[in-house]
Amino acid sequence: EIVTKSICFPGQIDMAQQLETTIAHTGIRHVYFATDLPQGHQERFLEALLRALNPTIGYTISKGNPLEVDLAVLGMSWHFIGNCVSSFTAFVKRQRDASGQQSTFWGRTNLW
(Lines give C-alpha, C1' and ligand atoms only; values in the text may rest on other atoms or scores of the structure.)
Protein backbone atom coordinates (compact mmCIF):
# COMPACT_ATOMS: atom_id res chain seq x y z
CA GLU A 1 0.00 0.00 0.00
CA ILE A 2 1.18 3.51 -0.80
CA VAL A 3 1.89 5.77 2.18
CA THR A 4 -0.33 8.82 1.76
CA LYS A 5 -0.73 12.06 3.70
CA SER A 6 -3.99 10.76 5.21
CA ILE A 7 -2.10 7.76 6.60
CA CYS A 8 0.77 9.83 8.01
CA PHE A 9 -1.32 12.81 9.17
CA PRO A 10 -4.98 11.77 9.47
CA GLY A 11 -7.43 14.65 9.82
CA GLN A 12 -10.11 15.02 12.47
CA ILE A 13 -12.90 13.83 10.20
CA ASP A 14 -11.00 10.71 9.13
CA MET A 15 -9.97 9.96 12.73
CA ALA A 16 -13.53 10.47 14.00
CA GLN A 17 -14.92 8.10 11.37
CA GLN A 18 -12.28 5.48 12.11
CA LEU A 19 -12.81 5.80 15.86
CA GLU A 20 -16.58 5.46 15.44
CA THR A 21 -16.09 2.31 13.38
CA THR A 22 -13.60 0.88 15.89
CA ILE A 23 -15.85 1.70 18.87
CA ALA A 24 -18.88 0.15 17.16
CA HIS A 25 -16.91 -2.98 16.26
CA THR A 26 -15.12 -3.46 19.58
CA GLY A 27 -17.46 -1.98 22.18
CA ILE A 28 -14.66 0.15 23.63
CA ARG A 29 -15.89 2.54 26.33
CA HIS A 30 -12.73 4.61 26.97
CA VAL A 31 -10.09 6.05 24.64
CA TYR A 32 -6.50 6.90 25.64
CA PHE A 33 -4.72 9.38 23.37
CA ALA A 34 -0.94 9.59 23.23
CA THR A 35 0.44 11.98 20.64
CA ASP A 36 3.53 14.02 19.94
CA LEU A 37 1.52 17.08 18.91
CA PRO A 38 2.54 20.17 20.91
CA GLN A 39 0.46 20.51 24.10
CA GLY A 40 -1.76 23.42 22.99
CA HIS A 41 -2.54 21.87 19.62
CA GLN A 42 -3.07 18.46 21.20
CA GLU A 43 -6.01 19.50 23.37
CA ARG A 44 -7.74 21.55 20.65
CA PHE A 45 -7.36 18.79 18.07
CA LEU A 46 -8.49 15.96 20.34
CA GLU A 47 -11.37 17.84 21.96
CA ALA A 48 -12.73 18.73 18.51
CA LEU A 49 -12.33 15.10 17.52
CA LEU A 50 -14.10 13.85 20.63
CA ARG A 51 -17.07 16.18 20.16
CA ALA A 52 -17.87 14.09 17.09
CA LEU A 53 -17.95 10.86 19.12
CA ASN A 54 -20.63 9.32 21.27
CA PRO A 55 -20.77 11.36 24.51
CA THR A 56 -20.77 8.17 26.61
CA ILE A 57 -17.19 7.39 25.53
CA GLY A 58 -14.67 8.40 28.16
CA TYR A 59 -11.22 9.58 27.24
CA THR A 60 -7.81 10.40 28.66
CA ILE A 61 -5.22 12.58 26.95
CA SER A 62 -1.63 11.73 27.84
CA LYS A 63 -0.15 15.02 29.01
CA GLY A 64 3.59 14.86 29.37
CA ASN A 65 3.75 11.26 30.53
CA PRO A 66 7.10 9.57 30.10
CA LEU A 67 7.18 7.49 26.92
CA GLU A 68 7.40 4.34 29.04
CA VAL A 69 3.99 5.09 30.59
CA ASP A 70 2.37 5.58 27.18
CA LEU A 71 4.08 2.43 25.90
CA ALA A 72 2.75 0.42 28.87
CA VAL A 73 -0.82 1.74 28.57
CA LEU A 74 -0.96 1.33 24.81
CA GLY A 75 0.66 -2.08 24.98
CA MET A 76 -1.92 -3.36 27.49
CA SER A 77 -5.01 -1.66 26.06
CA TRP A 78 -7.81 -3.73 24.58
CA HIS A 79 -7.29 -2.24 21.11
CA PHE A 80 -4.63 0.06 19.63
CA ILE A 81 -4.73 2.39 16.63
CA GLY A 82 -1.33 3.70 15.60
CA ASN A 83 0.42 5.58 12.86
CA CYS A 84 1.98 2.96 10.57
CA VAL A 85 5.06 5.09 9.81
CA SER A 86 5.87 5.83 13.47
CA SER A 87 8.80 4.18 15.22
CA PHE A 88 6.90 4.49 18.53
CA THR A 89 3.94 2.67 16.99
CA ALA A 90 6.35 -0.05 15.86
CA PHE A 91 7.36 -0.67 19.49
CA VAL A 92 3.72 -0.84 20.62
CA LYS A 93 2.73 -3.05 17.69
CA ARG A 94 5.55 -5.55 18.34
CA GLN A 95 4.55 -5.80 22.00
CA ARG A 96 0.90 -6.30 21.07
CA ASP A 97 1.68 -8.85 18.33
CA ALA A 98 3.72 -10.89 20.81
CA SER A 99 0.69 -11.17 23.10
CA GLY A 100 -1.92 -11.61 20.33
CA GLN A 101 -3.67 -8.25 20.88
CA GLN A 102 -5.59 -6.30 18.22
CA SER A 103 -4.03 -3.32 16.46
CA THR A 104 -5.04 -1.20 13.49
CA PHE A 105 -3.56 1.84 11.78
CA TRP A 106 -4.87 5.33 11.09
CA GLY A 107 -5.92 5.84 7.49
CA ARG A 108 -6.14 2.16 6.62
CA THR A 109 -9.46 1.17 5.09
CA ASN A 110 -9.22 -2.61 5.58
CA LEU A 111 -9.83 -2.51 9.33
CA TRP A 112 -12.40 -5.19 9.89
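## Exercises on a predicted model

The buried residues of helix H4 pack against strand S1 (30-33), strand S3 (79-82) and helix H5 (87-98). The structure is a predicted model, and the exercises below work through its helix faces, its core, its largest pocket and a few single residues.

**Exercise 1.** Determine which residues of helix H4 are buried, and work out how they are arranged around the helix axis.

*Solution.* Begin with the helix itself, which covers residues 67-76 and whose buried residues are Asp 70, Leu 74 and Gly 75. Next, look down the axis of H4: the buried residues fall within an arc of 125°, so they line one face of the helix. Then turn to the face directed away from that buried side, where the exposed residues Glu 68 and Met 76 are found. Finally, ask what the buried residues meet, and the partners are S1, S3 and H5.

**Exercise 2.** Identify the residues that touch the most other members of the largest nonpolar core, and state which elements each supply at least two of its residues.

*Solution.* The core has 14 residues, and those touching the most other members are Leu 19, Phe 33 and Leu 49. Helix H2 (12-26), strand S1 and helix H3 (39-51) each contribute at least two residues to this core, with the largest share, four residues, coming from H2. As background, nonpolar side chains in soluble globular proteins tend to be buried together. To follow one core member further, take Phe 33: when residues up to four places away in sequence are not counted, its contacts are Leu 19, Leu 46, Leu 49, Leu 50, Tyr 59, Thr 60, Ile 61 and Ser 62.

**Exercise 3.** Describe the largest pocket by its volume, by the residues closest to its centre and by the character of its lining.

*Solution.* The volume of the largest pocket is about 1100 Å³. Its lining is made by 39 residues, of which Phe 33, Ala 34, Thr 35, Ile 81 and Trp 106 are the closest to the centre. Sorting the lining by character gives 23 nonpolar, 14 polar and two charged residues. As for where the lining comes from, H2, S1, H3, H4, S3 and H5 each supply at least two residues.

**Exercise 4.** Decide whether Thr 89, Ser 103 and Thr 60 are buried or partly exposed, and list the contacts of each residue beyond four places in sequence.

*Solution.* The cut-off needed here is that buried means under 20% relative accessible area. Thr 89, in helix H5, has 7% relative accessibility and therefore counts as buried; it touches Phe 80, Gly 82, Asn 83 and Phe 105. Ser 103, in strand S4 (residues 102-105), is also buried because its relative accessibility is 17%, and its contacts are His 79, Phe 80, Lys 93 and Arg 96. Thr 60, in strand S2 (residues 58-61), has 33% relative accessibility and so counts as partly exposed, while touching His 30, Val 31, Tyr 32 and Phe 33.

**Exercise 5.** Place Val 3 along the chain, and find how far its C-alpha atom lies from that of Arg 108.

*Solution.* Val 3 belongs to the segment before helix H1 (5-8), and at 48% relative accessibility it counts as partly exposed. Although Val 3 and Arg 108 are 105 residues apart along the chain, their C-alpha atoms are separated by 9.9 Å. With neighbours within four places in sequence left aside, Val 3 is in contact with Cys 8 and Val 85.

Methods. Residues are numbered from 1 along each chain as its sequence is written. This is a predicted model: local features need pLDDT of at least 70, side-chain atom pairs count only at pLDDT 80 or more; totals for chains, interfaces and linings use all residues. Side-chain values use heavy atoms; hydrogens and water are left out. Buried means under 20% relative accessible area, exposed over 50%, partly exposed in between (1.4 Å probe, protein chains only). The arc is that of the directions from the helix axis to the C-beta atoms. Contact means heavy atoms within 4.5 Å. A nonpolar core is a set of buried Ala, Val, Leu, Ile, Met, Phe, Trp, Tyr and Cys residues joined through side-chain atoms within 4.5 Å. On a 1 Å grid over the protein atoms alone, a cavity is a set of points where a 1.4 Å probe fits but cannot get out, and a pocket is an open set with protein on both sides within 12 Å along at least five of seven lines; lining residues have an atom within 4 Å of a point. Grid points are joined across faces, edges and corners, and a volume is the space filled by probe spheres set on the points. Ala, Val, Leu, Ile, Met, Phe, Trp, Tyr, Cys and Pro count as nonpolar, Asp, Glu, Lys and Arg as charged, and the others, Gly among them, as polar.
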